[in-house]
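Visitor: I am new to this structure and should like to learn how to read it. May we take it one feature at a time?

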Amino acid sequence: MRGAQAHRAAVERLLASYRAIPAGQRVRLAKRTSNLFRARAEGTTTGLDVSGLDGVISIDTAARTADVQAMCTYESLVAATLPYGLMPLVVPQLKTITLGGAVTGLGIESSSFRNGLPHESVLELDILTGDGTLVTARPEGEHADLFRGFPNSYGTLGYATRLRIELEPVQPAVALRHVRFSDLDELTAAIGTISAAREWEGTGVDFLDGVVFSASEAYLTLGSWTDDLSGLSDYTGPEPFYRSIQRRTTDKLTIHDYLWRWDTDWFWCSAAFGAQNPKVRRYWPARLRRSDVFHRLVGVEMKYGVVAKVDQWRGKPARERVIQDVELPVTRTAEFLRWYLDHVPMTPVWLCPLRLRESGPAGTPEAGSQPWSLYPLRAGQTYVNAGFWGTVAIEPGKAEGDKNREIEAAVAGFDGHKSLYSDAYYDEETFWAAYGGQNYPALKQRYDGDGRLLDLYAKAVGRR
C-alpha cells in the first residue's frame with residue numbers, strides 16, 4: 001500500500017506540475033492508459049504529473065472502507081481488498097479501469113442492481129479543481145455541489161486524487177445460474193422482479209447481468225455467494241466465458257475469477273483479433289489475453305487504419321465504430337432491444353440492471369434521494385444498461401457517424417440516455433438538455449472559472 005506519507009508526496013508533485021503550466025494554457029492529465037473510445041486531439045502542453053497516484057493508501061477493515069488514489073486500477077484495488085475478505089461495492093468489468101475514471105465517468109457491473117454505480121459508494125474525495133485548488137468534497141458541506149456534480153463530468157471540473165469508498169464482505173466463490181429466455185418481454189419482466197426482490201425461484205441473487213444473442217435467445221446470469229469451492233470453472237484458457245452461458249445452466253467461479261470473467265476476452269470482442277480462434281488462441285500468451293492489450297490494438301488501428309485500408313483494397317464497404325453503453329428504463333428495454341436487433345446488425349448485447357441506492361454514501365435516505373447533477377437517473381426506478389461494441393458497414397448513401405446518430409435518437413425515444421466514454425454526435429442544445437445543462441454552468445464557474453479544463457460538450461462531442 002502507498003501509505004499517507006507517500007500519497008502526500010505524490011499530491012505535492014501533482015500540484016507543482018499544475019503550477020508549472022503557464023497561465024491561460026489548457027490543463028490535462030499525463031495518463032499512460034485510457035478506457036475511452038473516442039479519438040482526441042493531441043495535447044500540446046505538458047500533462048499533470050500523476051506518478052505515485054495509482055495505489056491503495058489504506059484499508060479500514062472495521063469500518064469497511066478504503067482510501068484509494070484516483071489512478072489506482074480496479075485490478076490493483078481488488079488485489080488489495082480481497083485478502084481482507086472485502087471488495088468495492090461495484091467492480092467494473094475491465095481490469096485497467098481506474099477508480100477515479102469510474103467515478104468521474106461511468107462504471108457498472110452485476111452488483112449494480114443492488115449497489116448502484118461506483119460514485120454512490122464514495123464517502124468523500126479530494127479533487128484538484130480546474131482553478132488549481134485542492135478541495136475535499138463530501139455529501140454535505142461547502143463542496144457538496146461538487147460531490148454531486150463530479151460523476152459524469154469526465155475531468156472537466158477537476159481531477160480526483162484520493163477517494164474514500166465503502167467496501168462489502170465477500171465469500172470465496174459465486175455460484176451462477178444461466179436462465180434462458182426466448183421472449184424479450186419475459187426477459188425484462190424477470191429483470192424487474194429480480195431487481196426488486198433480489199431473489200429468483202426462492203434463491204437469493206447477489207449479482208445479475210445478461211446477454212442477448214438474438215430476439216429468441218437471451219440469458220440472465222444470476223450469481224449467488226457461496227463458500228463451496230468444489231467444481232470451479234476457469235475461463236482464462238481455451239473457452240471464452242460468454243460461450244459457456246449458452247451451453248451450461250449452472251457454473252461456479254472464485255470471486256476473483258468472477259470479477260474478471262469478462263476481461264480475458266474483452267467480453268466477446270477478442271474475436272475481432274482472432275483470439276477466439278483455437279489455432280490462434282493456443283499461441284496467444286494468456287498474460288496478453290486481457291482488455292488493455294485489445295484496447296491498444298484498437299488504438300493502433302485508429303491511428304494507422306491498416307484494416308480499413310485492406311478492406312478498401314478488397315472492395316469491402318467502409319465500417320463505422322459502434323461502441324456504446326446506454327441506460328433504459330426496464331419498462332422500455334424490450335422495445336429498444338427489438339429496435340436494435342432490427343436496425344443494428346451486431347450481437348451479442350450485454351445487459352446490466354441498475355438501481356440507484358436507496359440510501360446515499362452518508363447512510364441516510366435523504367442523501368440517497370438527492371440527484372446526481374450530470375447523470376439523470378431517478379431513485380426507485382430500475383434501469384438496464386445495454387452494451388454493444390463493434391463495427392458495422394456504412395450503408396450506401398450514408399456517412400460515418402450516421403448509425404451512431406440513429407442510435408442516439410432511438411435511445412432518447414425510449415426514454416434512455418448513453419454514457420459518454422465513446423463517440424457522441426449530439427448538437428449542443430440536445431446534449432445539455434440530457435446531461436445537466438441546468439447545473440453545469442454554475443459548477444464550471446465555481447471550480448474552473450478561467451476555463452483551464454475543457455467543458456463537457458467540447459470533450460465528449462468535440463473530441464478535444
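Visitor: Let us begin with strand pairing. Which residue in β16 is the bridge partner of V326?

Guide: Please bear in mind that the model is a predicted one. The bridge partner of V326 is K418, in β16. That contact belongs to an antiparallel pairing between β13 and strand β16 (residues 417-418), made over two bridges.

Visitor: With which strand does β13 pair over 11 bridges?

Guide: That neighbour is strand β15 (residues 383-393), and the pairing is again in the antiparallel sense. Within it, R321 has T391 of β15 as its bridge partner. As a general idea, side chains in a regular strand alternate between the two faces of the sheet.

Visitor: How many of the residues of β13 are buried?

Guide: A residue is called buried when its relative accessible area is under 20%. In strand β13 (residues 319-329), 10 of the 11 residues are buried, so the strand is largely enclosed by the rest of the structure.

Visitor: Now to a helix. What span should α10 have, and how far apart are its end C-alpha atoms?

Guide: Helix α10 covers residues 291-304, which is 14 residues; at 1.5 Å a residue the expected span is 20 Å, and the end C-alpha atoms are 20 Å apart, so the two values agree. The buried residues of α10 include F294, H295 and V298. After the helix comes G305, with a positive phi near 60°.

Visitor: How many salt bridges does a search of the whole structure find?

Guide: The search finds 29. One of them joins R261 and E109, whose closest N and O atoms are 3.1 Å apart. R261 lies in the loop between α8 and α9, and E109 in the loop between α3 and α4, so the pair ties together parts that are 152 residues apart in sequence. R261 is buried, with a relative accessible area of 5%, and E109 is buried too, at 3%.

Visitor: Are the partners R164 and E124 buried or partly exposed?

Guide: R164 is partly exposed, at 29% relative accessible area, whereas E124 counts as buried at 10%. Their salt bridge has its closest N and O atoms 3.7 Å apart. Since R164 lies in strand β6 and E124 in strand β4, the pair ties together parts that are 40 residues apart in sequence.

Visitor: Which residue meets D292 in a salt bridge?

Guide: The partner is R290, at 2.7 Å from N to O. Both D292 and R290 are buried. Elsewhere, salt bridges with shared partners join D67, E124, D126, R138, R162 and R164 into one network.

Conventions:
Residues are numbered from 1 along each chain as its sequence is written. This is a predicted model: local features need pLDDT of at least 70, side-chain atom pairs count only at pLDDT 80 or more; totals for chains, interfaces and linings use all residues. Side-chain values use heavy atoms; hydrogens and water are left out. Buried means under 20% relative accessible area, exposed over 50%, partly exposed in between (1.4 Å probe, protein chains only). Helices (H or I, at least four residues) and strands (E, at least two) are DSSP runs, numbered from the N terminus. Two strands pair if DSSP finds at least two bridges between them. The expected span of a helix is 1.5 Å times one less than its number of residues. A salt bridge is a side-chain nitrogen of Lys or Arg within 4 Å of a carboxyl oxygen of Asp or Glu.
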